[in-house]
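Here's a quick tour of a fold, written for someone who likes to look while reading. Have the viewer ready.

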Amino acid sequence: MRAPRLVWFPALAFIVFHLAACHMSVRAPNSAFNVVSKAREGGFEIETAFNTTVVHRLGITWSVSGTYLPGSGASAPEDDGRRFFYRYKSTNAFELRVQGPSYCEPSIGAQRKLSDALDAVLAEAYGWPRQGTASIKLTGAGKAVKRYAFSANLGKLYWLDYMSLCLVSQGDEALWFAAMVGIHESTHAALTLARHQPRAKDDRERMAIGSEACLLLALSGSSADFLKQYPSLIGQISNSYQLSDQAISPTVLCEDWRRYVKRELM
């Protein structure tokens, strides 16, 4: 089950990174994921947790991306496999980069399906609120990840960096799952920079989850068979910790997101 978005990051690492003004990542201490521990104590099984913090100061956008993946230890070294790159053709372009080991390469058909689905979703958001990139590296199961990535870019340009799981021969599903993570976290980042984030925390999460609900529906063509075939994708939404006390409908979440972006970004 997905965990809450975390808002804490190591202050010392941020200061060092600020001085260096470059991309970097650090291993985070257990205390950085205290909300995950709290969720576990409440009886929730945590499969993945992602965090996004974006701050714009003095003409520079600082992006902080947190990834938590439970595991028993380090996995074996992995080769670099196929790389997927997507960029929407607009002024405020959304970019998605996914890279994984060769045993988890997505099919050409899955990549085309994702590109078409992203085109359809982003067109409804008038391109995208602010330009930025979500980069996701796929890794094998069993690897424990507690990581924060830091990035600095001139202007209102965010760069997010995460890790996500991929099982052998499940490259298509892993690619689509990574894209849902990317558009969810990019929704937080882009709306923050555009100053259109909903004020209430629950509303912010609902909008971000709504963006990935729209992507899932675009991928599936609203086919129930598709959702049954790829349970992790619907689980990404229906098992969201943030909305665990609410009835979840991808269609309703998507419609809420559509109405919000049309009202705020028109």
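The notes below go through the sheet, the nonpolar cores and one helix.

## The sheet

Keep in mind that this is a predicted model. Start with the open sheet: four strands in the order E1-E7-E3-E2, paired antiparallel. Strand E1 (24-27) and strand E2 (49-57) sit at the edges with a single partner strand each, so one side of each has no neighbour in the sheet. From one strand to the next, the twist averages 15 degrees.

Now zoom in on E2 and strand E3 (residues 60-69): they run antiparallel and are joined by nine bridges. To find the register, take Phe 50, whose bridge partner in E3 is Thr 67. Helix H4 packs on the sheet here, touching E2 and E3, and its direction makes about 25 degrees with that of E2.

## The cores

The largest nonpolar core has 55 residues, and those touching the most other members are Phe 94, Leu 96, Leu 114, Leu 118, Trp 128, Trp 176 and Leu 215. H4 turns up again, giving the most to this core with 13 residues.

Leu 96 is a good one to click on: leaving out residues up to four places away in sequence, its contacts include Phe 84, Phe 85, Tyr 86, Ala 134, Ile 136 and Ala 179. There's also a second, separate core of 11 residues, with Val 26, Phe 33, Val 36 and Ile 46 among them.

## Helix H7

What is buried in helix H7 (residues 231-238)? Leu 233, Gly 235, Gln 236 and Ile 237 are. These buried residues pack against four helices: H4 (171-193), H5 (201-220), H6 (224-229) and H8 (250-265).

Technical notes
Residues numbered from 1 in each chain as written. Predicted model: local features only at pLDDT ≥ 70, side-chain atom pairs only at ≥ 80, totals over all residues. Heavy atoms only, no water. Buried < 20%, exposed > 50% of the residue type's maximum accessible area, 1.4 Å probe, protein only. Helix = DSSP H or I, 4+ residues; strand = E, 2+ residues; numbered from the N terminus. Contact = heavy atoms within 4.5 Å. Pairing = 2+ DSSP bridges. Axes fitted to C-alpha atoms, helices over the stretch in contact; angles between N-to-C directions. Core = buried A, V, L, I, M, F, W, Y, C linked by side-chain atoms within 4.5 Å.
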